[in-house]
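Me: I am new to this structure. Please take one helix and look at it closely, then show me what surrounds it and how the whole chain is built.

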Amino acid sequence: MKVRNRPRIVVIYNRDFEGAEADPENKAREDVKDVAQDILRILKGAGYETDEVGVTNDIPVAVAAISAMKPGAVFNLCESIHGDNRFESLMPLLLDLANIPYTGSCSFGLSLALRKEKVKQILRGCGVPVPRGGLVNSVEESRQLELAFPVIVKPAREDASIGICSESVTKDRDAMEKRVDHVLATYRQPALVEEYIEGREIYVSILERPNGEPQVFPFFEIDFSDMPSDRPNIVSFEGKWVESSIEYKGTRPVRCEKLTPDLRATVAQTALDAFRAVGLRDYGRMDIRLSKDGVPYIIDVNPNCDLSDLA
């Protein structure tokens with residue numbers, strides 16, 4: 001009888017990118033398969049038995065396949081189902097029901113992270129700096145916001161920079177209302193409108209350790225030095241996914257240098273405070289805008305961050 005030295009790990013990921021090639025934003029979903037292959041290769045190299053399950057719209061079939069493999073744990077990379085990020089929390093919920101351990105945040109943390117306005121309210125209540133802003137369901141509601149321009153307008157339920165482009169940063173009320181109308185009509189969800197924080201964009205990755213304090217990894221930031229002067233310094237969808245675009249070339253990730261020890265400690269503590277406040281688990285990445293006066297503002301919380309070996 002064969003005795004396993006290490007538990008079997010089943011890597012699961014969403015396959016809703018298949019058949020959606022006509023969608024220009026499909027690349028953000030397709031990338032998860034490459035990440036899954038990286039994770040499988042690393043696990044195999046470490047001596048683990050591995051399997052993989054690509055999750056389609058047939059959820060019972062996926063859960064049955066996972067259970068049949070009798071995994072010691074599931075490495076969860078399932079970020080959407082049927083092209084809808086709102087179902088990101090479904091697989092962890094079903095894995096809990098089946099009593100199968102899995103990596104990453106629980107269904108509550110994943111669901112909460114998709115409610116960006118709720119996350120900001122929680123962080124604000126915990127004293128974690130976030131940009132001023134609000135959620136709007138109509139152009140009329142956006143007119144009630146009292147914010148200082150420029151502001152950034154983005155879909156409230158998306159990630160991976162979906163719905164974000166140069167036009168998302170608006171300098172006056174007319175442009176803001178036009179962008180709000182675009183988000184509402186195109187993405188069929190509320191728009192999040194926030195004051196745009198000019199400054200460095202820093203990414204802080206966190207990994208929880210058994211019986212110890214969470215580990216904060218060395219910071220990365222976006223080098224905007226090659227971004228054309230007529231475009232805002234943001235990581236748009238093109239900047240993240242379209243390698244031939246000007247914005248992709250103008251948003252190069254680099255190691256974050258030239259922070260004083262005190263400021264580096266403040267940024268790390270802000271990221272940890274956000275990680276804990278939102279109730280994330282195992283790992284995550286906090287996206288931060290460091291204002292010119294040295295305040296680290298949390299602009300996004302990513303429980304399912306990029307785990308590829310190129311990140």
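Reply: Start with helix H3, residues 90-97. In this predicted model, the buried residues of H3 are Met91, Pro92 and Leu95. They sit on the same side of the helix, because they cover an arc of only 100° around its axis.

What does that buried set pack against? Two helices and three strands are involved: H2 (59-68) and H4 (107-113), with S1 (8-14), S2 (49-55) and S3 (73-77). Just past the end of H3 comes Asn99, with a positive phi of about 60°.

Now step back to the whole protein. Its secondary structure comes to ten helices and 13 strands. Of the 311 residues, 50% are buried. Contacts often bridge long stretches of sequence. Among those between residues at least 6 apart, 66% join residues at least 24 apart.

Next, the overall dimensions. The C-alpha trace spans about 70 × 45 × 40 Å along its principal axes. The radius of gyration is 20 Å, which agrees with the value near 19 Å for a compact globule of 311 residues.

Last, the empty space inside. One cavity of 30 Å³ or more turns up in a search of the whole structure. The largest cavity holds about 30 Å³. Its lining consists of Ala113, Lys116, Val119, Lys120, Ile299, Asp300 and Val301. Helix H5 (116-125) and strand S13 (296-302) each give two or more residues to that lining. By type, the lining has four nonpolar residues, three charged and no polar.

Definitions and conventions: Residues numbered from 1 in each chain as written. Predicted model: local features only at pLDDT ≥ 70, side-chain atom pairs only at ≥ 80, totals over all residues. Heavy atoms only, no water. Buried < 20%, exposed > 50% of the residue type's maximum accessible area, 1.4 Å probe, protein only. Helix = DSSP H or I, 4+ residues; strand = E, 2+ residues; numbered from the N terminus. Arc of directions from axis to C-beta. Contact = heavy atoms within 4.5 Å. 1 Å grid on protein atoms, 1.4 Å probe; cavity = no way out; pocket = protein on both sides within 12 Å on 5 of 7 lines; lining within 4 Å. Points joined across faces, edges and corners; volume = space filled by probe spheres on them. Nonpolar A, V, L, I, M, F, W, Y, C, P; charged D, E, K, R; others polar. Rg over C-alpha atoms; globule rule 2.2 N^0.38 Å.
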